[in-house]
Amino acid sequence: MRGSTMSCLNARTLIRLAASGIIAMSTVVGAALLIPGGMFAEAGFKAVVSPTSVEQLEGTYSVDGRNPNGSRYEGRVYITAKNGIAFFRWEISGQTFHGQGGMAGSVLTIDWGESQPVIYRVNADGTLDGTWAGGKASERLVRIK
């Protein structure tokens, strides 16, 4: 699956997925379900799929951030991926920045040519919260495409 998706899974679908080895089901039916790959379902089997690979992050994002001096910025971020590497292109205030990096768990580290990388936490809803400049600056990416 691409990105973060909210969907309702019925019992028949869960049983079919479990039989095929795609998910692992709890013996406590209807209480909670942990699914490898970042999916978690609670009672009622509503499931949230967290991106678990850089390929699932591919897309166009709005960026809203704060520079180390406190000034705000907005723009677009384009993420592509190849062979487990994420490639970033930030377009902010008429300037373009490039970076690349990889993901470990829910942490994405992007080297963009400065002394310290941008470190993002990939959230269950598909947004990315990042810090840079040694934690003195931050930004949030929200998928728009």
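**Group meeting: the barrel and its aromatic residues**

I will start with strand β11, residues 128-132. One face of this strand is covered and consists of Leu128, Gly130 and Trp132, while Asp129 and Thr131 make up the uncovered face. Everything I say here refers to a predicted model.

Staying with β11, I will go through its two partners. On one side is β10, residues 118-122, which runs antiparallel to β11 and is joined to it by four bridges. Within that pairing, Val122 has Leu128 as its bridge partner, and Tyr120 stands opposite Gly130. These are residues of the covered face: both Leu128 and Gly130 belong to it. The hairpin of β10 and β11 has five residues between the strands, and Gly126 takes a positive phi there, near 90°.

On the other side is β12, residues 137-143. Five bridges join β12 to β11, and this pair is antiparallel too. Trp132 has Ala137 as its bridge partner in β12. This hairpin has four residues between its strands, and in the turn Ala133 has a positive phi of about 55°.

Now the whole sheet. What is the order of the strands in the barrel? Eight strands close into it, in the order β5-β6-β7-β8-β9-β10-β11-β12, with antiparallel pairing. Neighbouring strands of this sheet are turned against each other by 30° on average, ignoring direction. As a reminder, strands of a sheet pair through backbone hydrogen bonds, either parallel or antiparallel.

Next, the core. The largest nonpolar core has 23 residues, and those with the most contacts inside it are Phe88, Trp90, Leu108, Tyr120 and Leu141. At least two residues of this core come from each of β5, β6, β7, β9, β10, β11 and β12. Tyr120 is the residue I placed opposite Gly130 a moment ago.

Let me take Trp90 from that list. Leaving out residues up to four places away in sequence, Trp90 touches Arg76, Val77, Gln95, Thr96, Phe97, His98, Gly99, Ile110, Trp112, Val118, Tyr120 and Glu139. Three of the aromatic names there, Phe97, Trp112 and Tyr120, come back in the next part.

That part is the aromatic residues. The structure holds six aromatic pairs. One of them is Phe97 with Trp112, edge-to-face, at 6.1 Å centre to centre and with 75° between the planes. This pair links distant parts of the chain: Phe97 is in strand β8, residues 95-104, and Trp112 is in the loop between β9 (107-111) and β10, 15 residues apart. Is each of these two rings' residues buried or partly exposed? Phe97 is partly exposed, because its relative accessible area is 28%. Trp112 counts as buried, because its relative accessibility is 19% and the limit is under 20%.

Phe97 and Trp112 also belong to one aromatic cluster, together with Tyr73, Phe88, Trp90, Tyr120 and Trp132. So the cluster includes Trp132, which I mentioned for the covered face of β11, and Trp90, Phe88 and Tyr120, which I mentioned for the core. Separately, Arg89 lies over the face of Tyr78, at 4.3 Å from the ring centre.

Moving to β7, residues 85-92, I picked out Ala86, which lies in this strand. Ala86 is buried, because its relative accessible area is 0%. Which residues does Ala86 contact, leaving aside neighbours within four places in sequence? They are Val54, Ile79, Thr80, Ala81, Gly99, Gln100, Gly101, Leu108 and Ile110. For Leu108, 22 residues away along the chain, the C-alpha atoms are separated by 8.6 Å. Leu108 is also one of the residues with the most contacts inside the core.

The loops on either side of β7 each hold a residue to note. Asn83, in the loop between β6 (72-82) and β7, has a positive phi of about 55° although it is not a glycine. Asn83 is exposed, because its relative accessible area is 71%. Ser93 lies in the loop between β7 and β8; its phi is near 50°, positive in a residue other than glycine. With 64% relative accessibility, Ser93 counts as exposed.

Last, Ser53, found in the loop between β4 (46-49) and β5 (59-66). Ser53 is partly exposed, because its relative accessible area is 24%. Its C-alpha atom is separated by 8.8 Å from that of Ser106, 53 residues apart along the chain.

How values were computed: Residues are numbered from 1 along each chain as its sequence is written. This is a predicted model: local features need pLDDT of at least 70, side-chain atom pairs count only at pLDDT 80 or more; totals for chains, interfaces and linings use all residues. Side-chain values use heavy atoms; hydrogens and water are left out. Buried means under 20% relative accessible area, exposed over 50%, partly exposed in between (1.4 Å probe, protein chains only). Contact means heavy atoms within 4.5 Å. Two strands pair if DSSP finds at least two bridges between them. Rings of Phe, Tyr and Trp (its six-membered ring) pair if their centres lie within 6.5 Å; planes under 30 degrees apart count as stacked, over 60 as edge-to-face and the rest as tilted. A charge sits over a ring if NZ of Lys or CZ of Arg is within 6 Å of the ring centre and within 35 degrees of the ring normal. Axes are lines fitted to C-alpha atoms, for helices over the stretch in contact, and angles run from 0 to 180 degrees between N-to-C directions. A nonpolar core is a set of buried Ala, Val, Leu, Ile, Met, Phe, Trp, Tyr and Cys residues joined through side-chain atoms within 4.5 Å.
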